[in-house]
Amino acid sequence: MSVNNCQFLGRVGQIETRYLPNGDAVTNLSLACNEKYKAKSGEMVEHCEWVRASFFGKQAETLSKWVQKGDQLYIAGSMRTREYTDKEGNKRTSTEIRGDKFDFVGGKRNESEQDAPAKPSGSFDDMDNQIPF
């Protein structure tokens, strides 16, 4: 038995949506996950780990429509590693998350919100009012 499940909470860096030849959407994004801890010396250390993720289909379209750089986002999925050859002929390895869940987190961005549409509600707290039983 094995488990391949990753969860991350961070701020969106780059976000890009493209379409496959069959018309399906693919959204690739980077997520900055920050942590703070106290080193043995007693000083506070801040570390940022960048996580790459890919979403497909309707999820990719939703992310493309509602998420911008700087937004706080929760993502979950499975880790995938692939090898490729770069333009100079060097073999490289890339690790990314194949996303299967995401959720909007946090409040409004620091930018002006007047031009941006409101994000759809997706929290579990809102579901109680929508369940008919």
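A search of the whole structure, which is a predicted model, finds two aromatic pairs. The first to describe joins Phe55 and Phe102 in an edge-to-face arrangement. This pair links distant parts of the chain, since Phe55 belongs to strand β3 (residues 44-56) and Phe102 to strand β5, 47 residues apart. Both Phe55 and Phe102 are buried. Another edge-to-face pair is made by Phe102 and Phe104. Phe55, Phe102 and Phe104 together form one aromatic cluster. The table sets out the two pairs.

| Aromatic pair | Centre to centre | Angle between the planes |
|---|---|---|
| Phe55 and Phe102 | 5.7 Å | 85° |
| Phe102 and Phe104 | 5.7 Å | 75° |

**The barrel**

Strands β3 and β5 both appear in a closed barrel of five strands, which runs β1-β2-β3-β5-β4. The pairing in this barrel is mixed. On average, neighbouring strands of the sheet are turned by 45° against each other, with direction ignored.

In which sense do strands β4 and β5 pair? Strand β4 covers residues 72-85 and strand β5 covers residues 91-105, and the two pair in the antiparallel sense over 14 bridges. Within this part of the sheet, Thr81 stands opposite Thr95 in β5.

**The salt bridge**

Side chains of opposite charge can pair when their charged atoms come close. How many salt bridges does the structure hold? The structure holds one salt bridge. Its partners are Arg92 and Asp86, and their closest N and O atoms are 3.0 Å apart. A salt bridge is counted when such atoms lie within 4 Å, so the distance of 3.0 Å between Arg92 and Asp86 meets the cut-off. The two partners can also be described by their accessibility. Arg92 is partly exposed, at a relative accessible area of 41%. Asp86, by contrast, is buried, and its relative accessible area is 16%.

**The cysteines**

The count of disulfides comes to zero. Why does Cys33 not form a bond with Cys48? The closest cysteine sulfur to that of Cys33 is in Cys48, 7.3 Å away, which is too far for a bond. A disulfide needs two cysteine sulfur atoms within 2.5 Å, and the sulfur of Cys33 therefore has no partner in reach. Cys33 is buried, with a relative accessible area of 14%. Cys6 also counts as buried, at 14% relative accessibility. The cut-off behind the word is a relative accessible area under 20%, so the value of 14% places Cys6 among buried residues.

Note on methods: Residues are numbered from 1 along each chain as its sequence is written. This is a predicted model: local features need pLDDT of at least 70, side-chain atom pairs count only at pLDDT 80 or more; totals for chains, interfaces and linings use all residues. Side-chain values use heavy atoms; hydrogens and water are left out. Two strands pair if DSSP finds at least two bridges between them. Helices (H or I, at least four residues) and strands (E, at least two) are DSSP runs, numbered from the N terminus. Axes are lines fitted to C-alpha atoms, for helices over the stretch in contact, and angles run from 0 to 180 degrees between N-to-C directions. A salt bridge is a side-chain nitrogen of Lys or Arg within 4 Å of a carboxyl oxygen of Asp or Glu. Buried means under 20% relative accessible area, exposed over 50%, partly exposed in between (1.4 Å probe, protein chains only). Rings of Phe, Tyr and Trp (its six-membered ring) pair if their centres lie within 6.5 Å; planes under 30 degrees apart count as stacked, over 60 as edge-to-face and the rest as tilted.
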